[in-house]
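The following exercises are to be worked with the sequence and the coordinates at hand. Each task is followed by a solution in steps.

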Amino acid sequence: MSIEVKSLSYAYGKREILNDISLNAGEGELISIIGKNGVGKSTLIKCILRLLTNYKGEVLVNGHNTKRMSVMALASLVAYIPQESSPVFNFTVEDIVLMGTCPTMGYLRSPAKYQKELAMSALSKLGIEDMKNRYFHQLSGGEKQLVIIAKALAQGTKILIMDEPTSNLDFGNQIRILERARALCNEGYTIVQCTHNPEHSYMFSDKVIALKEGRILSVGKPHEVLSCDVVSDIYGLELCESKLYDDKVRTWIPKSAV
Amino acid sequence: MNQNPIELNNGNGKISVSAIMWILTALLLVTLLLSVCLGRYPIGAGEIFYMVMDRLGFGGFDGSFSHQQELAFWNVRMPRLIIAFLVGAALSVAGCTYQTIFQNPMASPDILGASSGAGLGAAVAIYFGFSSWSITAMAFMFSLAAVTLSYILSLYSKSDRILALVFSGIVIGSLCKAGVSYIKLVADPTNQLPSITYWLMGSIVGAKNSEAAFIIWPMLIGFTPLMLLRWRMNILSLGDAEAKTTGVNAERLRFVSLLAATLLTAAAVSVSGLIGWVGLVIPHMMRRVIGVNLKYLLPASFIFGGSFMVFVDNFSRSVAKTEIPLGIVTAFIGAPIFMYIITRRRSGQ
């Protein structure tokens, strides 16, 4: 399972959003895309998911161009986890997760025993089977996000694309979601996420892609990319860096604060 | 939360869902039976049985019912019953569908101008003195035309697809209403104006077998895809991006559902005139009873919407000397129910 973006460029009218972006995510890798607001992270995610199609370049999943896949075929390879999911109607958790099994069914079918098993195993993989009969609107932000991840797992894909999956969550839930994501990668899932938190991407990622002005500023292992200079450059701040616990953790502090 | 009937679905899910469906079906059968029996010529259940057997070609029932009863049953009550049921079922299923595809619980079947279009078609037909059959046909065609126009108009909009549809629906709807007002203004005030006004109030007085035969086809064409695709339609309520990445071709599914729901609405309003509230309220009531999953919600809305309309029709023809137009009764019943639903703390909406 792999996902590859080859020199992708995207322009909105005459305004260039992304320019010559390439990335490669192999099996079991967690890749974080960082960059300031409006740099094109979400646009890149949308291109990867084929929600935007008028880009230049190629997106390949397992070597196949996504533009030549059916909606169903792509959904059985790549799943999407948005920043926040808010269905208008108050479905039960089981209903939501069962929606994920859509690519395993014919057009006129509805979930049968096999799909219910897929949904249950997705829930139990995340340890939330007991939430099955609860109503989505009554869940906390963190619980909702876990349910949406379960829905993605029920799709049967091994590639998860997450658009700022933790940015609406409290500190504890941010860490819990990222730990789950990390554990999934250790099981062989491939995750591409964009994030606003360089410290988290340092702790949890295998690879970091830093974007600036629609281009790749730096790409590589977290400890290579996330230097004080790069982070300062991305966000336009004057920072100083602390390396903690044998450089397992890095934190950046504004100079004005110290 | 305790008094919420939706709690029934928890735990042992499907058993109680099917129990609810059985209760709704039983309710429907009782309503249907009552509505053929009630009326100026009382008909008993046994006589209905004999009449049906007689029609099916079994002989020997000649003395069991009167000729008047036979006429009342086959030519007055049956078409009326069928039309009332189909109109209620169609408006409820269409309302449910529109609410899902517009991701908006406030959407109703006339959101794209289907009702206003039908009203204009009927007004034009009455103004030009068309026959009652042509009034139905014109209402049907104008209704479809109004929705088609809204759809085409929305394609030119730069805003979000769903919002664009709602906006263009409002535009086309109010244009049609203006058209109706103009025709009312120029229509002959002694007989045309009253019949336009009466048509717009919604009524199935004098429903004929030919009308039932006319609407049954668009209704079948409308109901079939919605029933077949109903589980998949759930996914549309997550929004386009999530629907597509879950394997649903959102634009195509929305288009098909929109088309089917529009056929249902157009067929319903073309025979019944403007009947509000049903398409909005019945789906909400059913969501409280059976939950939001369209797999169960759509059939439940079909059954209960039909029963509700048959009930309302019985009510409107038996409560007063002159029949009260259905649109008025549905508003008097629908508005308080809706008020009740939205003021309750809830979990299933």
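**Exercise 1: The four-stranded sheet of chain A**

In this predicted model, strand β4 (residues 56-61) of chain A and β5(A) pair in the antiparallel sense over two bridges. Determine the order of the strands in the open sheet of four that holds this pair, and identify its edges.

*Solution.*
Step 1. One bridge of the pair joins V61(A) to H64(A), the latter in β5(A).
Step 2. At the other end of the sheet, β1(A) and β2(A) are antiparallel and share seven bridges. Within this pair, E4(A) has N24(A) of β2(A) opposite to it.
Step 3. The connection between β1(A) and β2(A) is a hairpin with two residues between the strands, and G13(A) in the turn has a positive phi of about 65°.
Step 4. The full order is β2-β1-β4-β5, with antiparallel pairing. The edges are β2 (15-25) and β5 (64-65) of chain A, each of which pairs on one side only.

**Exercise 2: A helix across the sheet, and the loop after it**

Which strands does helix α1 of chain A lie across, and at what angle does it run to β1(A)? Characterise R50(A) as well.

*Solution.*
Step 1. Helix α1 (residues 41-48) of chain A lies across β1 (3-12), β2 and β4 of that chain. The angle between α1(A) and β1(A) is about 120°.
Step 2. R50(A) belongs to the loop between α1 and β4 of chain A.
Step 3. Although R50(A) is not a glycine, its phi is positive, near 65°.
Step 4. R50(A) has 19 other C-beta atoms within 10 Å; a residue is buried only at 20 or more, so R50(A) is partly exposed.

**Exercise 3: The six-stranded sheet of chain A**

State the order of the six strands in the open sheet with mixed pairing, and explain why one side of each edge strand is left without a neighbour in the sheet.

*Solution.*
Step 1. The order in chain A is β6-β7-β8-β3-β9-β10.
Step 2. The edge positions belong to β6 (78-81) and β10 (215-220) of chain A; because each has a single partner strand, one side of each has no neighbour in the sheet.
Step 3. On average, neighbouring strands of this sheet are turned by 15° against each other, direction ignored.
Step 4. A parallel pair within the sheet is that of β7 (159-163) and β8 (190-195) of chain A, which share five bridges. Here M162(A) has Q193(A) in β8(A) as its bridge partner.

**Exercise 4: The buried face of α7(B)**

Which residues of helix α7 in chain B are buried, and why do they line one face of the helix?

*Solution.*
Step 1. The helix spans residues 192-201, and its buried residues are I196(B), W199(B) and L200(B).
Step 2. Viewed down the axis of α7(B), these residues fall within an arc of 95°, so they line one face.
Step 3. The general rule is that an α-helix has 3.6 residues a turn, so residues three or four places apart point the same way.
Step 4. The cover over the buried residues of α7(B) includes α4 (114-127) and α6 (161-186) of chain B.
Step 5. G202(B) follows the helix and has a positive phi, near 85°.

**Exercise 5: The largest nonpolar core**

Which two residues touch the most other members of the largest nonpolar core, and which helix gives the most to this core?

*Solution.*
Step 1. The core has 178 residues, of which A90(B) and L264(B) touch the most other members.
Step 2. Helix α3 (residues 67-101) of chain B gives the most, with 16 residues.
Step 3. Apart from neighbours within four places in sequence, L264(B) contacts A90(B), V93(B), A94(B), M219(B), G222(B) and F223(B).

**Exercise 6: The contact between the chains**

How many residues does each chain give to the contact, and which element supplies the largest share of the side of chain B?

*Solution.*
Step 1. Chain B gives 26 residues and chain A gives 26 residues.
Step 2. On the side of chain B that touches chain A, the elements giving two or more residues are α8 (209-236) and α9 (240-245) of chain B.
Step 3. The largest share of that side, five residues, comes from α8(B).
Step 4. By type, the residues on the side of chain B are nine nonpolar, 14 polar and three charged.

Definitions and conventions:
Residues numbered from 1 in each chain as written. Chains lettered and ligands numbered in written order. Predicted model: local features only at pLDDT ≥ 70, side-chain atom pairs only at ≥ 80, totals over all residues. Buried ≥ 20, exposed ≤ 12 C-beta atoms within 10 Å, placed from the backbone. Arc of directions from axis to C-beta. Contact = placed C-beta atoms within 7 Å. Pairing = 2+ DSSP bridges. Axes fitted to C-alpha atoms, helices over the stretch in contact; angles between N-to-C directions. Core = buried A, V, L, I, M, F, W, Y, C linked by C-beta atoms within 7 Å. Nonpolar A, V, L, I, M, F, W, Y, C, P; charged D, E, K, R; others polar.
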